[in-house]
Amino acid sequence: VGFRIELSKYIEANRKLLEDAPLGLYSVVPPHPEHQVITPGVIFCFKQKGDATSTTVNPLQPYYLVYVLLDGTVRFTFVQPKQILEIYRLLCSGKTAAHEQLCQLSDSETKNGTDMSLYNKLLAATVDSIARTFQKRIAAGLQSGRDFVIPNQSEQARETTDFELITWLVIKAK
Amino acid sequence: MNDSETKKAIDASLKNFADKPLADAATALLESLGYRSQKRVTLKPNTPETFVATFAK
């Protein structure tokens, strides 16, 4: 509930800014010194294309939040949005300016955005993880009781599903 | 579809098992029996081992 209220207030206060923001906008932040669980990686926010509305597997459908580490390991997947939003809040809430030093480091590592191979790899690993997790959750749901309803194939996240990259947050050590 | 057509469809579906992939042939057979659904679980790789690992808990 806390998140919903906080997010609703933010949306109300920044509606125009959010509506005008381009897709794929990103930022770079350092890990949180007091939280060992937050290590370098990327938090991706995707939107599944199409008319997927079933929330039986993904509570945020059609949006997917995933926190992936630099080696491609998924630390928190889309069925753990609360943990990811908590990290987002810890790293970003109240910050009004970009972290210049990290942005410069990121620019130099990606050759001013022309070499995104590391992030492309992480994107691929993340989408693959989404597809695998989605199918695992369906299988688990089937065994959880008689009430579970499998989403239609067209609504399921699969390797071939199209996603839009809404935003991403790079967590980078100095 | 009348009874005769249904039986022909079932007959054709059964014959499909000879040369179609098992999953496709089985889906077609179920459809000819009147069971149609877009709800699927995709196993990757689609093997008995994955099936056991996924469901035998």
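These legends accompany close-up views of a predicted model with chains A and B.

**Figure 1. Chain A as a whole: five helices and five strands.**
Let's start with the overall layout. Reading along the sequence, you meet the elements of chain A in the pattern α-α-β-β-β-β-α-α-α-β. The C-alpha atoms fill a box of roughly 55 × 35 × 35 Å along the principal axes. The radius of gyration of chain A is 17 Å, which agrees with the value near 16 Å that a compact globule of 174 residues would have. Among contacts in chain A with a separation of 6 or more, 71% link residues 24 or more positions apart.

**Figure 2. The surface and charges of chain A.**
How much of chain A is buried? Buried residues account for 35% of its 174 residues. The chain exposes about 10200 Å², and carbon and sulfur atoms supply 54% of that area. As for charge, chain A carries 19 positive and 18 negative side chains, and the centres of these two sets lie 4 Å apart.

**Figure 3. A salt bridge between A:Lys172 and A:Glu109.**
Here the two side chains meet with a distance of 2.5 Å from N to O. A:Lys172 sits in the segment after β5 (163–171) and A:Glu109 in helix α4 (residues 100–109), so the pair ties together parts of chain A that are 63 residues apart in sequence. Are these two partners buried or exposed? A:Lys172 counts as buried because its relative accessibility is 10%, below the 20% cut-off. A:Glu109, in contrast, is partly exposed, with a relative accessible area of 42%. Counted over all chains, the structure holds nine salt bridges.

**Figure 4. The surroundings of A:Ser106 in helix α4 of chain A.**
Staying with helix α4, this view turns to A:Ser106. At 2% relative accessibility, A:Ser106 counts as buried. Which residues does A:Ser106 contact, leaving aside its neighbours within four places in sequence? They are A:Tyr26, A:Val28 and A:Lys172. The last of these, A:Lys172, is also the residue that forms a salt bridge with A:Glu109.

**Figure 5. A salt bridge within helix α5 of chain A: A:Asp128 and A:Arg132.**
The closest N and O atoms of this pair are 3.3 Å apart. Both residues belong to helix α5 (residues 117–144), where they stand four residues apart, about one turn of the helix. A:Asp128 is partly exposed, at 28% relative accessibility. A:Arg132 is partly exposed too, with a relative accessible area of 43%.

**Figure 6. A salt bridge that crosses between chains: B:Lys44 and A:Glu159.**
In this pair, the closest N and O atoms lie 3.1 Å apart. On one side, B:Lys44 comes from the loop between α2 (22–32) and α3 (48–55) of chain B, while A:Glu159 comes from the loop between α5 and β5 of chain A. B:Lys44 counts as exposed, at 56% relative accessibility. For A:Glu159 the value is 37%, and this residue counts as partly exposed. Elsewhere, A:Glu6, A:Glu86 and A:Arg89 are joined into one network by salt bridges that share partners.

**Figure 7. A:Lys9 in helix α1 of chain A.**
Helix α1 covers residues 2–13, and A:Lys9 has its place there. Is A:Lys9 buried or exposed? With a relative accessible area of 59%, A:Lys9 is exposed. From C-alpha to C-alpha, A:Lys9 and A:Val28 are 24 Å apart in space, with their positions 19 residues apart in sequence. You may recall A:Val28 as one of the residues in contact with A:Ser106.

**Figure 8. Chain B: three helices and zero strands.**
Our last view is of the partner chain. From the N terminus on, its elements run α-α-α. The C-alpha trace of chain B spans about 40 × 25 × 15 Å along its principal axes. A compact globule of 57 residues would have a radius of gyration near 10 Å, but the value for chain B is 14 Å. Buried residues make up 12% of the 57 residues. The accessible surface of chain B comes to about 4500 Å², with 59% belonging to carbon and sulfur atoms. Chain B has 9 positive and 7 negative charges, whose mean positions are 6 Å apart.

Notes. Residues are numbered from 1 along each chain as its sequence is written. Chains are lettered from A and ligands numbered from 1 in the order in which they are written. This is a predicted model: local features need pLDDT of at least 70, side-chain atom pairs count only at pLDDT 80 or more; totals for chains, interfaces and linings use all residues. Side-chain values use heavy atoms; hydrogens and water are left out. Helices (H or I, at least four residues) and strands (E, at least two) are DSSP runs, numbered from the N terminus. The radius of gyration is taken over C-alpha atoms; the globule rule is 2.2 Å times the number of residues to the power 0.38. Buried means under 20% relative accessible area, exposed over 50%, partly exposed in between (1.4 Å probe, protein chains only). Contact means heavy atoms within 4.5 Å. Accessible areas come from the Shrake-Rupley method with a 1.4 Å probe; for residues, only the protein chains shown count as cover. Lys and Arg count as positive and Asp and Glu as negative; His and the chain ends are not counted. The place of a charge is taken as NZ of Lys, CZ of Arg, CG of Asp or CD of Glu. A salt bridge is a side-chain nitrogen of Lys or Arg within 4 Å of a carboxyl oxygen of Asp or Glu.
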